[in-house]
Amino acid sequence: MLKTRIYPVTGFHVDVQESYDYVLDLLARTPPEFWVHFTLENGNRVSFQRSLIVYFTKY
């Protein structure tokens, strides 16, 4: 399964378990001031404010 790499404004990237299509749908319907939650490859959860995610891609 393809996973997703998220690039916040900080300049680093985060690899998450959620599929690209799921992230695309989630970010499209989430207002900028809300927080979105993802699962890292090691199973830990990570959260970002929607407005701070500048790019994401499949990997």
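How many aromatic pairs does the structure hold? The structure holds two, and they are taken up in points 3 and 4 below.

1. A word on the basis first. This is a predicted model, in which local features need pLDDT of at least 70 and side-chain atom pairs count only at pLDDT 80 or more, while totals for chains, interfaces and linings use all residues. Residues are numbered from 1 along each chain as its sequence is written, and side-chain values use heavy atoms, with hydrogens and water left out.

2. Now the overall fold. The protein chain has one helix and five strands, and from the N terminus on the order is β-β-α-β-β-β. Helices (H or I, at least four residues) and strands (E, at least two) are DSSP runs, numbered from the N terminus. The C-alpha trace spans about 30 × 20 × 20 Å along its principal axes. The radius of gyration of the protein chain is 10 Å, which agrees with the value near 10 Å for a compact globule with 59 residues. That radius is taken over C-alpha atoms, and the globule rule is 2.2 Å times the number of residues to the power 0.38. Buried residues make up 31% of the 59 residues; buried means under 20% relative accessible area, exposed over 50%, and partly exposed in between (1.4 Å probe, protein chains only).

3. On to the aromatic pairs. A pair of aromatic rings is described by the distance of the centres and the angle of the planes. Rings of Phe, Tyr and Trp (its six-membered ring) pair if their centres lie within 6.5 Å, and planes under 30 degrees apart count as stacked, over 60 as edge-to-face and the rest as tilted. The structure holds two such pairs. In one, the ring centres of tyrosine 7 and tyrosine 55 are 5.5 Å apart with the planes at 45 degrees, so the pair is tilted. This pair links distant parts of the chain, with tyrosine 7 in strand β1 (residues 4-8) and tyrosine 55 in strand β5, 48 residues apart. Tyrosine 7 is partly exposed at 24% relative accessibility, and tyrosine 55 is partly exposed at 47%.

4. Next come tyrosine 20 and phenylalanine 56. Their ring centres are 5.3 Å apart and their planes at 40 degrees, so this pair is tilted. Tyrosine 20 belongs to helix α1 (residues 20-29) and phenylalanine 56 to strand β5, so the pair ties together parts that are 36 residues apart in sequence. Tyrosine 20 is partly exposed at 23%, whereas phenylalanine 56 is buried at 17%.

5. Arginine 5 deserves a look of its own. With aspartate 15 it forms a salt bridge, the closest N and O atoms being 2.6 Å apart. A salt bridge here is a side-chain nitrogen of Lys or Arg within 4 Å of a carboxyl oxygen of Asp or Glu. Arginine 5 lies in strand β1 and aspartate 15 in strand β2 (residues 14-16), so the bridge ties together parts that are ten residues apart in sequence. The charged end of arginine 5 also sits over the ring of tyrosine 59, 4.8 Å from its centre; the rule asks for NZ of Lys or CZ of Arg within 6 Å of the ring centre and within 35 degrees of the ring normal. Arginine 5 is partly exposed at 22%, and aspartate 15 is buried at 17%.

6. The count comes to two salt bridges, and aspartate 25 with arginine 29 forms one of them (3.1 Å, N to O). These residues are four apart in helix α1, which means a separation of about one helical turn. Aspartate 25 is partly exposed at 41%, while arginine 29 is exposed at 55%.

7. Two further residues may be worth a glance. Valine 23 is found in helix α1 and is buried at 0% relative accessibility. Its C-alpha is 7.7 Å from that of threonine 4, although the two are 19 residues apart in sequence. Threonine 39 lies in strand β3 (residues 35-39) and is buried at 14%. Between threonine 39 and glutamine 17 the C-alpha distance is 5.7 Å, with their positions 22 residues apart in sequence counted as the separation.

8. Last, the surface. Val9, Leu52, Val54 and Tyr55 form a nonpolar patch with about 380 Å² of accessible area together. Leucine 52 lies in the loop between β4 (45-49) and β5 (53-58) and is partly exposed at 36%.  Patches are made of residues with over 30% relative accessible area and no salt bridge, with like charges joined within 9 Å and nonpolar side chains (Val, Leu, Ile, Met, Phe, Trp, Tyr) within 5 Å. Accessible areas come from the Shrake-Rupley method with a 1.4 Å probe, and for residues only the protein chains shown count as cover.
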